[in-house]
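Colleague: I'd love to go through this one with you. Could we talk about its charged pairs and the contact between its chains?

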Protein chains: 2
Amino acid sequence: MDAGSAASPLPPIPAAEYKSRVERTKELLEAARVDALLVTSEDNYRYLTGFDSPTWVNLTRPRYCVVPRVGEPFLVVPANAAIICERTAPSVPDVRTWIAPNPADDGVSIVVDGLRAFATKHKRVAAELGAESRLTMPVGDFLRMKEMLAPIEIVDGFKLLLSLRMVKSPAEVARIRRICGIVSDAFDALPDALRAGQSELDAGQHFKVDMLRRGAHAVPYVCVSSDRGGYRSINVGPCERTFGAGDLLMLDTGSAFDGYYCDFNRNYVFGRPSGELTGFHQLVWDATEVGLRAVRPGARMCDVYQAMADYLAAHAGKGYLRAKQGRLGHGIGLRMCEPPSFSRIDETEIRAGMTLTLEPSIAFPVPGTNGPEERVVVHEEDILVTETGCEILTRRAPRDLPVVG
Amino acid sequence: MDAGSAASPLPPIPAAEYKSRVERTKELLEAARVDALLVTSEDNYRYLTGFDSPTWVNLTRPRYCVVPRVGEPFLVVPANAAIICERTAPSVPDVRTWIAPNPADDGVSIVVDGLRAFATKHKRVAAELGAESRLTMPVGDFLRMKEMLAPIEIVDGFKLLLSLRMVKSPAEVARIRRICGIVSDAFDALPDALRAGQSELDAGQHFKVDMLRRGAHAVPYVCVSSDRGGYRSINVGPCERTFGAGDLLMLDTGSAFDGYYCDFNRNYVFGRPSGELTGFHQLVWDATEVGLRAVRPGARMCDVYQAMADYLAAHAGKGYLRAKQGRLGHGIGLRMCEPPSFSRIDETEIRAGMTLTLEPSIAFPVPGTNGPEERVVVHEEDILVTETGCEILTRRAPRDLPVVG
């Protein structure tokens with residue numbers, strides 16, 4: 001298990017694919033009667049241009065990409081980032097720079113001038129404003145841009161970007177498949193490293209190291225949750241709690257290979273599980289089967305949600321649906337969580353090429369009590385929608401809880 | 001080198017410290033004639049409340065914290081995050097929730113109601129709008145909040161938060177000191193793992209793993225840059241380029257322990273360096289010495305910048321100041337890069353308790369050419385400002401380039 005071979009790169013996404021994404025963006029802008037799209041966030045920027053740098057962690061300097069309805073896109077980046085554009089985003093050769101940080105004008109006037117030059121027909125430009133978007137620039141500067149651009153209007157462009165991004169290309173699927181494989185291997189190897197008396201922190205640290213050694217490039221999301229007979233949350237980082245007999249342990253990770261994410265978890269039990277706990281794990285595993293059978297092109301996200309929710313409700317025994325979670329899965333790609341959602345209200349039509357997680361969960365009273373405090377069991381697999389149904393990208397978990405410790 | 005001992009936790013930051021941060025925020029709101037502060041970003045949220053979860057990687061669900069000028073703060077989080085508040089942010093017991101995702105109202109109405117109830121005197125509330133801020137919610141929702149709140153005005157609250165955050169508490173310094181020590185150890189051990197023929201990707205992967213094994217909790221920023229006689233950029237991720245004789249290699253990392261970041265780099269040369277390259281490394285090392293002597297309470301950030309820039313200009317030989325970088329260091333803390341900046345224009349007064357990086361760099365023509373293409377050498381150390389000057393938190397690099405391979 002040498003990092004060198006495990007991290008062996010995939011063929012790069014060709015410049016032609018980035019150019020085709022930009023062309024499709026321009027068609028959608030035309031259809032929406034919008035003159036240009038301003039992009040600021042890491043995932044959308046990378047999707048359209050290939051721009052790839054750890055520098056997004058540094059919030060001092062924003063980066064802008066403008067795609068016009070008619071004409072050539074351009075980038076506005078701090079002068080020290082021009083070399084990153086040259087190296088990772090060669091399909092967009094027009095790079096405009098300023099010396100940053102400059103709080104008085106951190107690229108704003110260059111962007112406004114560029115948008116104005118394009119916004120001559122519909123007098124509308126789009127930016128990342130909609131649900132689940134993050135405009136990755138100071139909002140004070142955005143409000144200033146808005147005033148400077150008036151009467152040109154700024155409308156949402158995030159939905160348009162999502163409609164492009166939801167269906168993945170073969171090169172994108174290859175990356176998601178790779179990270180799903182790496183993390184499946186790490187989950188399979190984990191029982192050998194787990195032991196009673198070990199802390200959540202130590203288990204989480206071991207897991208991060210192991211995923212990187214197997215070739216993951218980034219491990220920003222590692223949740224570790226454990227408690228007797230079921231855990232309390234699925235969104236918490238590891239703490240100092242140590243494992244003991246009867247604990248149910250869950251690790252969940254959003255890890256990435258070449259920018260693309262998996263998002264799935266695995267459950268382990270310390271010592272022989274109670275019949276009830278065994279049953280709850282089988283239940284969420286079986287609900288995943290229901291989801292796997294319901295996913296196909298033409299179905300809606302809410303239909304698959306309902307199929308899994310109905311199954312959970314019908315077979316829950318002492319358990320109940322975790323209404324507070326709000327959904328039972330979602331999209332994955334350049335983000336660990338991206339639209340659409342397997343929720344009651346998301347009517348997005350499923351299409352071949354989408355990459356999604358199925359994430360059924362069940363809550364139940366703390367074993368041996370009838371109090372309000374609850375425990376949870378969640379199970380998650382990542383899938384690719386095919387022409388006829390779906391393919392599991394993760395290595396399917398066993399139906400019966402793996403026993404460790 | 002067991003992850004268990006290396007990752008041994010520091011005493012938690014006590015609830016009293018979070019309460020005192022909130023109290024100081026309230027005083028600053030009073031002085032600024034602002035009724036309440038809305039906080040949405042990971043670093044500010046954690047600073048005020050302790051809220052700690054990997055869930056910030058998931059952009060589906062926003063999280064809100066409201067601190068009033070008079071009264072008690074409250075949190076607005078998705079229902080599934082209430083348990084995170086209970087566990088990590090107990091100093092703010094008022095937690096209001098909604099079922100997310102709900103694009104029609106993802107917490108917006110609860111936040112607006114809460115802000116309205118407080119904004120009775122000055123009719124002004126503050127949010128993260130200013131330079132270097134990131135409002136961590138959909139901006140479409142923010143614009144809707146703005147309309148719903150009118151005539152209550154929204155002003156910038158990021159400067160106020162920065163004025164609190166710039167001077168670190170002993171508990172914060174302990175965390176930065178810990179990560180600086182962990183990463184210094186990893187840099188010192190790195191030469192044994194470097195070899196000619198190895199790729200930047202493999203070296204970067206090894207370095208991430210080693211930092212985690214030594215106890216770093218997060219390694220989101222690892223830049224690796226190498227080229228003959230000097231590298232081309234300091235902000236790029238590792239690529240497939242393999243090391244050979246005459247290469248200058250730089251690794252730079254923003255890594256974290258318990259939420260707090262270091263940010264520094266180290267240089268290594270493959271085989272015997274040219275006299276010119278040796279000189280450039282000594283120059284940026286010496287310029288750091290100039291910075292170390294110039295930093296003291298009462299000096300301004302621009303004064304220290306000027307001292308380092310003047311020294312570099314006076315001793316540069318064939319080199320020249322990298323104007324495009326815009327600064328020669330900055331603050332560190334809950335972000336890898338936070339204000340203030342060692343720049344020509346930043347007049348912030350240095351105070352005891354600030355944690356900063358000194359990061360002098362020099363550019364020069366590609367060795368053996370007079371063309372426009374340039375190479376770079378950068379050197380960086382992290383410091384704590386003391387009552388009389390400063391203390392180095394990193395293990396000072398050697399003045400002479402370490403030879404490897």
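Colleague: Which side chain of chain B meets A:E200 in a salt bridge?

Modeller: Happy to help, and do keep in mind that this is a predicted model. Between chain B and chain A the count is 3 salt bridges. In one of the pairs, with N to O at 4.0 Å, the partner of A:E200 is B:R87.

Colleague: Thanks! Which element gives the largest share of the side of chain B that touches chain A?

Modeller: The two chains also have 26 residue pairs in polar contact, both residues at pLDDT 80 or more. Elements giving two or more residues to this side of chain B include helix 4 (82-88), helix 6 (139-149) and strand 7 (218-228). The largest share, 7 residues, comes from helix 9 of chain B.

Colleague: And how much area do chain B and chain A bury between them?

Modeller: Each chain enters the contact with a count of its own: 71 residues from chain B and 71 residues from chain A. Carbon and sulfur atoms make up 61% of the buried area, which comes to about 6,200 Å².

Colleague: Now for chain A: is A:D286 buried or exposed?

Modeller: A:D286 forms a salt bridge with A:R399, with the closest N and O atoms 2.8 Å apart. The pair links distant parts of the chain, 113 residues apart, with A:D286 in helix 10 (residues 275-294) of chain A. A:R399 is partly exposed because its relative accessibility is 35%. For A:D286 the relative accessibility is 15%, under the 20% cut-off, so A:D286 counts as buried.

Technical notes: Residues are numbered from 1 along each chain as its sequence is written. Chains are lettered from A and ligands numbered from 1 in the order in which they are written. This is a predicted model: local features need pLDDT of at least 70, side-chain atom pairs count only at pLDDT 80 or more; totals for chains, interfaces and linings use all residues. Side-chain values use heavy atoms; hydrogens and water are left out. Contact means heavy atoms within 4.5 Å. Buried area is the accessible area (1.4 Å probe) that two parts lose on being put together, summed over both. A polar contact is a pair of N or O atoms within 3.5 Å; within protein, one must be able to donate a hydrogen and the other to accept it, and residues adjacent in sequence count only if both atoms are side-chain atoms. Helices (H or I, at least four residues) and strands (E, at least two) are DSSP runs, numbered from the N terminus. Buried means under 20% relative accessible area, exposed over 50%, partly exposed in between (1.4 Å probe, protein chains only).
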